[in-house]
Amino acid sequence: MTHACTRLRRGAVTATVAAALMAAGAGGTACGTTVSGPTVSGPAVSGPAAAGVPPVTVPPSPSGSATGGVRTLTPAVIGRLDAAVRRVMREADVPGVTVGLWTHGQGTYVRSFGVADRSDGREMSPDLYARIGSETKTFTVTALLKLVDEGRVGLDDPIGRYVGGVPGGDVITLRELAGMRSGLFNYTEDPDFFKALTSDPQRPFTPRQLLDYAFRHPVLSPPGREFSYCNTNLILLGLVVEKAGGMPAADYIRENVLAPAGMHHTLFPAGAAFPAPHAQGYTDQTASGAVEETAGWNPSWAWTAGAMISDLDDLHTWARTVATGVLPDGTTLIGPATQKQRLATLPTTVPGAGYGLGIFDVRGWIGHNGSLPGYESLTVYLPSAQATLVVLLNTDISHDGAEPSTLFGEAVTEIVSPGHVFDLPAQPAAH
């Protein structure tokens, strides 16, 4: 999955995988790992983050053999995971990262590495809020699908029924917008947009201003013909949610998606608001190209394509919920027939990767990733093994053309699910 879009210079909000699809700290302190089963001693933890850290525990199986496609998290497997995460951090110069891996009866791995803020050395920890970029798309499309279930919108309705002024709005459907097959231009790839954002990262944008950047460009292809990852699609769907839902998109998502799922640490921020505690973010998507801190940047420019905030525990809940349509209490969030349409992932230009309605299927891992300046995330679920992987980090700076969240996803899945490796290439930067 790619970030909320492609990177700022090639499209600002990224969706790590999406960028790939369109194209064809050193090893810090670790803390906070728990796994079901008998307790064994875990890797050493030093510094402030050591306080209250539970021991590492592992299931009784010593082999680490794969069951349902996922290896049991034995001490040996945990050691390999630690080493792999530290290696990626060192090679990609990632300040801090949190990795959460939950399996069905084969153990749990939750650990943070490195620093949340380079200026004071504050350590990364599993309780921090994070900007989640394009993972926002999964919430926006879920809100749309709720409206479908309620009979207030139809997936094959034209966008022009809800939003005026859209090029081809009489023929582009909501389904094509959610499936990234509208053919519309991605506003985050407009050079004037990039200049406006990076010249004043605190400035607010309205949805209509964002659409104006997109609609000054001709459509790229007829609707339904090609997959083209595009933030413009999700801004339009956000406006549909508001019109059909009868309230601001943030309120509709909170009341109809987050509250039923019990996700009390996930929110749609007002302006640059960022709850504490959170990590400082680091990006080179700046006017000068120099690395800057981004915690105070205003994400309104990403709106329903990438502005949301969450934390590790809530994303753990969300991974299974969005992939199955079933809430933690066993009731349905999205009806089975509608959920089936969401998961009808069509082929993309990358072997092993498909895209449905606001969701990826990458070699069996279902979910999305996200990126916006200073932050990246990855939240995916492997139904065959009932396993969840969440990665949160405080930089979006590419390494050898690869998104860091993808590097972590690949490193972890090569170890724990060798038959289902999250191995998407990155899209080359356009600038």
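Okay, before I count anything: helices here are DSSP runs of H or I with at least four residues, and strands are runs of E with at least two, numbered from the N terminus. On that basis this protein comes to 12 helices and 16 strands. And keep in mind that what you're looking at is a predicted model.

Quick overview of the surface, then. Of the 431 residues in the protein, buried ones make up 60%. The protein exposes about 14500 Å², and carbon and sulfur atoms supply 54% of that.

Let's go to helix 5 and its surroundings. How does the N-terminal end of helix 5 get capped? D190 does that job, with a side-chain oxygen 2.9 Å from the backbone nitrogen of D192. The buried residues of the helix are F193, F194, A196, L197 and T198, and the buried residues of helix 5 pack against helix 6.

D192 also turns up in a salt bridge. Its partner is R216, and the closest N and O atoms are 2.8 Å apart. R216 sits in the loop between helix 6 and helix 7 while D192 is in helix 5, so this pair ties together parts that are 24 residues apart in sequence. Buried or exposed, or something in between? R216 is partly exposed, with a relative accessible area of 47%, and D192 is partly exposed too, at 40%.

There are 10 salt bridges in the structure, so let me show you a couple of others. R363 forms one with D423, where the closest N and O atoms are 2.8 Å apart. That pair links distant parts of the chain: R363 is in the loop between strand 13 and strand 14, D423 is in the segment after helix 12, and they're 60 residues apart. R363 is partly exposed, with a relative accessible area of 34%, and D423 is partly exposed at 29%. Back at helix 5 for a second: salt bridges that share partners join D190, D192 and R216 into one network. And then R161 and D157 meet through their side chains at 3.1 Å, N to O; D157 is buried, with a relative accessible area of 12%.

Now the aromatics. The structure holds 10 aromatic pairs. Take F193 and F205: the ring centres are 5.5 Å apart and the planes sit at 50 degrees, so that pair counts as tilted. F193 is in helix 5, F205 is in the loop between helix 5 and helix 6, and they're 12 residues apart. F193 counts as buried at 0% relative accessibility, and F205 is buried with 6%.

Next pair: Y229 and F360, which is stacked, at 6.3 Å centre to centre and 20 degrees between the planes. Here the link spans 131 residues, from Y229 in the loop between helix 6 and helix 7 to F360 in strand 13. Y229 is buried, with a relative accessible area of 0%, and F360 is buried, also listed at 0%.

Which residues form an aromatic cluster with F193 and F205? Those would be Y187, Y213 and W301, so to speak the rest of one cluster. Charges come into this as well. The charged end of R203 sits over the ring of F205, 4.3 Å from its centre. Elsewhere, R131 lies over the face of F274, at 4.1 Å from the ring centre.

Last bit: backbone oddities, for anyone who likes Ramachandran plots. The peptide bond from A276 to P277 is cis, with omega near 0 degrees, and P277 is found in the loop between helix 8 and strand 8. D93 isn't a glycine, yet it has a positive phi of about 55 degrees. You'll find D93 in the loop between helix 2 and strand 4, partly exposed with a relative accessible area of 47%. W303 is another non-glycine with a positive phi, near 35 degrees. W303 lies in helix 9 and counts as buried at 13% relative accessibility.

One more stop, T321 in helix 10. T321 counts as buried at 1% relative accessibility. Leaving aside neighbours within four places in sequence, T321 is in contact with V326, L327, P328 and L333.

That's my tour, thanks.

Notes:
Residues numbered from 1 in each chain as written. Predicted model: local features only at pLDDT ≥ 70, side-chain atom pairs only at ≥ 80, totals over all residues. Heavy atoms only, no water. Phe/Tyr/Trp six-rings, centres within 6.5 Å; stacked < 30°, edge-to-face > 60°. Buried < 20%, exposed > 50% of the residue type's maximum accessible area, 1.4 Å probe, protein only. Lys NZ or Arg CZ within 6 Å of the ring centre and 35° of its normal. Contact = heavy atoms within 4.5 Å. Polar contact = N/O pair within 3.5 Å; in protein donor to acceptor, adjacent residues only side chain to side chain. Areas by Shrake-Rupley, 256 points an atom, 1.4 Å probe, with all protein chains shown as cover. Salt bridge = Lys/Arg side-chain N within 4 Å of Asp/Glu carboxyl O.
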